[in-house]
Amino acid sequence: MKQWTSLLVAVALVPTLAFTQPAKKQDPKMDKFISELMKKMTVDEKIGQLNLVTAGEVTTGTTASTGVEAKIAAGQIGGIFSMTTPKKIRAAQELAVNKTRLKIPMIFGLDVIHGYKTTFPIPLGLSATWDIPLIEKTARIAAQEATADGINWTFSPMVDISRDARWGRISEGSGEDPYLGSQIARAMVKGYQGDDLTAVNTMMACVKHWALYGAAESGKDYNTTDMSLHRMYNEYFPPYKAAVEAGAGTVMTSFNDINGIPATANKWLVTDVLRKEWGFNGMVVTDYTGISELIDHGLGDLKQVSALSIKAGVDMDMVSEGFLNTLKQSLQDGKVSQSDIDRACRLVLEAKYKLGLFEDPYRYCNEDRAQTELLTPANLKVARDAATKSFVLLKNDNQLLPLQKKGTVAVIGPLANTRANMVGTWSVSSDLVNTPSLVEGMQSVLGNQVKIVTHLGSNLLEDAVYQEHATMFGRTIPRDNRPESEIVAEALQIAAQADIIVAALGESSEMSGESSSRTEIGIPAIQQRLLSELLKTGKPVVLVLFAGRPMTLTWENEHVPAILNAWFGGSETGAAVAEVLFGDVNPSGKLTATFPRNVGQLPIYYAHKNTGRPLAEGGSFQKFRSNYIDVINSPLFPFGYGLSYTTFDYSDLKLDKSSIKAGQSIQASVTLSNTGKYDGEEVVQLYIKDVVGSITRPVKELKGFKKVFLKAGESTTVNFTVSEEELKFYNNDLKFVAEPGDFILYIGKNSQDLLESKFQLK
């Protein structure tokens, strides 16, 4: 009993907030239907609904479910994930409907993270578009395709804020900022769920990972998180809350412990905050084997941790089968109550009801849709558009880019000719065989206008074992086992034929993502040596960087004339890169996660707080100031940074008043001018600084942005409305307030290059 007692005491020490959000009103027709159904259910049938198993089509964990068909027929499974196609799903659903006493249908889920068959940029790349309608559209298409293939539940969006680029799953989220992350969370939920969850082309969203998973210590996956309540509420919670407010049907608990209590057993998180404060009335599911992993967290055996989890407010057990195999005994022993089981069962059944599965268990099993709605030309067009808008131009000395469509281009590097890596991590349904490589995509766009020659140039990684780990799940990049000098010499012979060299370097897709944390986040040394040799040729070199995280590029930034960060752009990566390199599309992506100068700066983010001995922004080393002795404080590339082939000037920042009262708003405007030779889009960013607060406040916080298209030579006035709401934060009592005082409003092209003006809240 030691573990249980200490856990309950720890939870009790968390303060109860002074406000709660009433739960949304339920559909009375649904309530009546579920209540009548549950009256007929035995305890075993109720517990069976809480069991979520894997069909094993996709590897997302280390444990596989067994005896699935027999358990379905026995009423011991409420849902299945990692099963696709209408034919397979219909067969499984028929078992549940025809073989069980009460004919309760199952729910079918999958990790549809950044597209289904049509794959869009990895979420970190997608966030770099700053294009909320486009992001919503990608989720809408993902839902259209996934439901056509039988899926009705996605484990997305991942809304974890992350400020440590060592963490592999930074690739799966929207970066470091809670305001932008909240906008994207809402858009993704709306895109997946639409306006009617019973429609055959919408699916239920699952917000993850609740909570604070992106703040794991040392950037190591599944690791512990220790955080103050102020930081939780002000910096990490907002995207989760935004997704809940957008109507997300389900929430997934995270793997990490939070201040000593693992999320999957954390009643304060799941019940007090999520349900009582925020009014969430949907289903909570664990992550893969989240309950059984509580054993290694040190909370007891499977029976104990299963009881802890359901009492914390968790409803569905993914793969562990702790609920299935222990809850009945725990009920008899008085460790859980009938109301605990009934609550969980009701919420699982309600999810199925909301999807229309009781009305028609086979509504997502239309084989005609599967033949006509996947990988359509229209969907691929959106994927290409999203990819081009996600790319971030990091450097472009002497306007090397865009390239002219003539001559010979050498595309050299281990990422030049790999198809499987273009879609990026967490693309479990993508066609890895038929997705065009970078070279193939470029050839499709350029045709006979440009001759392309290509070479591996170097292995992805020097260490063969490391490369094997970095190319799992079919993302293989063949190795050349000759001496490095021979490979490079051959690549240089190819490069000698070219007018321009495109170096396709960086990470493979599986060097980021789940369980892909790295202690060194630069371009691997063997690739950097290749890049150095390519630069020595004297030919213009463009680095096309493939990355699932911010990377350390200090050397590259000093030596390479042009750098295009392509992330992993999805199904249309190769063609999209060609369109940007050769000027068909002007890049407009902006970073949503800060790029450090070296790994020692991590975690690094723009909305940091001052110390009592701050170093002036952009300043060099000063003794007895908050800085490093070996590197300046500033990042290599700041949050919000991204170049264009044109130039944008900001001028004439105006506020319509110098002070506002509670309930009022202020109008801010700035003149944006396209002063270059190309039409282009610019992300105009608005930040606020609360000069004096009752608790320490960030140096600035993003509070608005607009993506504006201007033709060359054109100017426009960009307007923002800043209300009292944008000035609020959670104070020392965790009350959401705007405090009277002085504020600084900034508008500009990134978090560092800004115009500013002052105003007051009275």
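These are legends for a set of views of one predicted model.

**View 1. The whole chain, 22 helices and 26 strands in a single trace.** With a radius of gyration of 26 Å against the 27 Å that the globule rule gives for 762 residues, the chain is as compact as a globular protein of that length. If you're setting up a box, the C-alpha trace spans about 75 × 65 × 45 Å along its principal axes. Of the 762 residues, 60% count as buried. The chain exposes about 28300 Å², and carbon and sulfur atoms supply 50% of that. Take the contacts between residues at least 6 apart in sequence: 79% of them join residues at least 24 apart.

**View 2. An open sheet of 6 strands with mixed pairing.** Reading across, the order goes S11-S16-S15-S14-S12-S13. Strand S11 (392-396) and strand S13 (451-455) sit at the edges with a single partner strand each, so one side of each has no neighbour in the sheet. On average, neighbouring strands here are turned by 20° against each other, direction ignored.

**View 3. The S12 and S13 end of the sheet, with two helices packed on it.** Strand S12 (residues 408-412) and S13 run parallel and are joined by 5 bridges. To find one of these pairings, look for Thr408, whose bridge partner in S13 is Lys451. Helix H17 (residues 438-446) lies across S12, S13, strand S14 (500-506) and strand S15 (541-546), and runs at about 175° to S13. Helix H19 (residues 484-495) packs on the sheet too, touching S12, S13 and S14, and its direction makes about 175° with that of S13.

**View 4. The largest nonpolar core, and Ile80 inside it.** This core has 203 residues, and the ones with the most contacts inside it are Ile80, Trp153, Trp210, Phe237 and Leu581. Helix H14 (residues 338-354) gives the most to the core, with 8 residues. Zoom in on Ile80 and, leaving aside neighbours within four places in sequence, you'll find it in contact with residues including Leu52, Val53, Val68, Ile72, Met106 and Phe108. Apart from this core lies another, of 24 residues, among them Tyr650, Ile660, Val684 and Phe720.

**View 5. Two cis peptide bonds, one at Lys208 and His209, the other at Trp210 and Ala211.** Omega is about -5° for the bond joining Lys208 and His209, and about 15° for the one joining Trp210 and Ala211. His209 lies in strand S5 (residues 204-210), while Ala211 is found in the loop between S5 and helix H9 (229-236). Trp210 also shows up in View 4, among the residues with the most contacts inside the largest core.

**View 6. Pro178 and its surroundings.** Pro178 lies in helix H8 (residues 178-193) and is buried, with a relative accessible area of 12%. Not counting residues up to four places away in sequence, Pro178 touches Ile161, Arg163, Asn234, Glu235, Pro238 and Pro239. Asn234 is 56 residues from Pro178 along the chain, with 8.1 Å between their C-alpha atoms.

**View 7. Positive phi at Gln399 and at Trp567.** Gln399 has a phi of about 50° although it is not a glycine, and the phi of Trp567 is near 50°. Gln399 sits in the loop between S11 and S12 and counts as partly exposed, at 44% relative accessibility. Trp567 is found in the loop between strand S16 (562-565) and helix H22 (573-581), and is buried, with a relative accessible area of 1%.

Note on methods: Residues are numbered from 1 along each chain as its sequence is written. This is a predicted model: local features need pLDDT of at least 70, side-chain atom pairs count only at pLDDT 80 or more; totals for chains, interfaces and linings use all residues. Side-chain values use heavy atoms; hydrogens and water are left out. Two strands pair if DSSP finds at least two bridges between them. Helices (H or I, at least four residues) and strands (E, at least two) are DSSP runs, numbered from the N terminus. Axes are lines fitted to C-alpha atoms, for helices over the stretch in contact, and angles run from 0 to 180 degrees between N-to-C directions. Contact means heavy atoms within 4.5 Å. A nonpolar core is a set of buried Ala, Val, Leu, Ile, Met, Phe, Trp, Tyr and Cys residues joined through side-chain atoms within 4.5 Å. Buried means under 20% relative accessible area, exposed over 50%, partly exposed in between (1.4 Å probe, protein chains only). The radius of gyration is taken over C-alpha atoms; the globule rule is 2.2 Å times the number of residues to the power 0.38. Accessible areas come from the Shrake-Rupley method with a 1.4 Å probe; for residues, only the protein chains shown count as cover.
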